[in-house]
Amino acid sequence: MASCKDVLELARGEIGYCESPAGSNKTKYGIWFGLNGQPWCMMFLQWLFHQADAAALLPVKTASCGTMMRAAQAAGLWVTGGYRPGDLVIYDFPGGAATDHCGIVETAEAETLTAIEGNTAEGNDANGGMVMRRSRSLRLVAGAVRPRYEEEEEETVVRYAHLSDIPAKFRPVIEALMNAGVIQGDGSDPAGNGDVIDLSHDQVRLLVFAYRGGAFDARLKAAGLEPAVK
């Protein structure tokens, strides 16, 4: 199960992504969800948790903010104050529906919070076509879903010196990144992938999450390898 830090790191890596063409609501998140061409703020959050192997932390798979709110309330995951990083905030903007938009909280203050949101832009809060970091008044917040993340405890850092040391479920991705030149070792095995790479477990997880999101596709294609996002 993923930690809050895992999901937020993945969200930060998506900042700047835009739907294409503009105004179409067509995104990789919509393709993955199966509703491409539809408003995608909630699909963005669902995609993040899927990429982080954390979909089970959400009470329902949905593209609807209202459905997510009701499912969270029924599951005991709904909060209306004391917001903290990793909460999935749902907004109620003036003049719209009761649940207009959503994002994942990065920081919270006494009167405002900052969240990473899909399908937003300056001048178009709830259908702007970009992934952005937005700061908003708590007066606009209807409440938030609080997933039961994996506890983050102080512990000895696990490190992997060689490709062969990395857990089998992550090893093919790290090997592909080595073959593409994204990860470079110390040169001790010029004929293969036996170099010392010295990656921590957290670094391996973040590299895998970024790979699944297509962050290294250009490098993979340039090396004649299959991209992660088809």
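User: Before we look at single residues, what does "buried" mean here, and where do "exposed" and "partly exposed" begin?

Analyst: A residue is called buried when its relative accessible area is under 20%, exposed when that area is over 50%, and partly exposed in between. Please keep in mind throughout that this is a predicted model. N119 serves as a case: its relative accessible area is 0%, so N119 is buried.

User: Where does N119 lie, and what is its phi?

Analyst: The general idea is that most residues other than glycine have a negative phi, and that most peptide bonds are trans. N119 lies in strand β4, and its phi is positive, about 60°, although N119 is not a glycine.

User: Which other residue has a positive phi without being a glycine, and is that residue buried or partly exposed?

Analyst: D53 also has a positive phi, near 55°, and is a residue other than glycine. D53 follows helix α3 and sits in the loop between α3 and α4, the latter covering residues 65–75. With a relative accessible area of 46%, D53 is partly exposed, whereas N119 is buried.

User: You said that most peptide bonds are trans; where is there a cis peptide bond?

Analyst: A cis peptide bond, with omega of about 0°, joins S20 and P21. P21 belongs to the loop between α1 (4–14) and α2 (28–33).

User: Turning to the fold, how many helices and strands does the protein have, and how should I read its overall dimensions?

Analyst: The secondary structure comes to seven helices and eight strands. Along the principal axes, the C-alpha trace spans about 65 × 45 × 25 Å. A compact globule with 230 residues would have a radius of gyration near 17 Å, and the value of 19 Å for this protein agrees with that. Of the 230 residues, 47% count as buried. As for contacts with a separation of 6 or more, 55% of them are accounted for by residues 24 or more positions apart.

User: In what order do the strands of the six-stranded sheet stand, and how do they pair?

Analyst: To read a sheet, one follows the pairing from strand to strand, and here two strands pair if there are at least two bridges between them. The sheet is open, its strands pair in the antiparallel sense, and their order is β1-β6-β2-β3-β4-β5. At the edges are β1 (78–79) and β5 (130–137), each of which pairs on one side only. Starting from the β1 edge, two bridges join β1 to the antiparallel strand β6, with V79 standing opposite A144 in β6. β6 also pairs with β2, again in the antiparallel sense, over four bridges, and here L88 stands opposite V145. Further along, β3 (residues 101–108) and β4 (residues 112–120) are antiparallel and share four bridges, with T114 in β4 as the bridge partner of T107.

User: Why is β6 described as largely enclosed by the rest of the structure?

Analyst: Strand β6 covers residues 141–145, and four of its five residues are buried, so this strand is largely enclosed.

User: Which helix lies across β2, β3, β4 and β5, and which of its residues are buried?

Analyst: Helix α3 (residues 41–51) lies across these strands, running at about 55° to β3. Because 10 of its 11 residues are buried, α3 is largely enclosed by the rest of the structure. Its buried residues are C41, M42, M43, F44, L45, Q46, W47, L48, F49 and Q51.

User: How does one describe two packed helices, and what are the values for α5 and α6?

Analyst: Two packed helices are described by the angle between their axes and by the distance between those axes. Helix α5 (residues 171–179) packs against helix α6 (residues 201–212) at an angle of about 75°, with the axes 10 Å apart. Since angles of 65 to 115 degrees count as roughly perpendicular, that makes α5 roughly perpendicular to α6. V173, I174 and L177 of α5 make the contact with V204, L207, V208 and Y211 of α6. By class, this contact has seven nonpolar residues, with no polar and no charged ones.

User: Lastly, where is A223 placed, and with which residues is it in contact beyond its sequence neighbours?

Analyst: A223 is in the segment after α7 (217–222) and is partly exposed, with a relative accessible area of 37%. Leaving aside neighbours within four places in sequence, A223 is in contact with N179 and A180. The C-alpha atoms of A223 and G181 are separated by 8.2 Å, although these residues are 42 residues apart along the chain.

Note on methods: Residues are numbered from 1 along each chain as its sequence is written. This is a predicted model: local features need pLDDT of at least 70, side-chain atom pairs count only at pLDDT 80 or more; totals for chains, interfaces and linings use all residues. Side-chain values use heavy atoms; hydrogens and water are left out. Contact means heavy atoms within 4.5 Å. Axes are lines fitted to C-alpha atoms, for helices over the stretch in contact, and angles run from 0 to 180 degrees between N-to-C directions. Buried means under 20% relative accessible area, exposed over 50%, partly exposed in between (1.4 Å probe, protein chains only). Angles under 35 degrees count as roughly parallel, over 145 as roughly antiparallel, 65 to 115 as roughly perpendicular and the rest as oblique. Ala, Val, Leu, Ile, Met, Phe, Trp, Tyr, Cys and Pro count as nonpolar, Asp, Glu, Lys and Arg as charged, and the others, Gly among them, as polar. The radius of gyration is taken over C-alpha atoms; the globule rule is 2.2 Å times the number of residues to the power 0.38.
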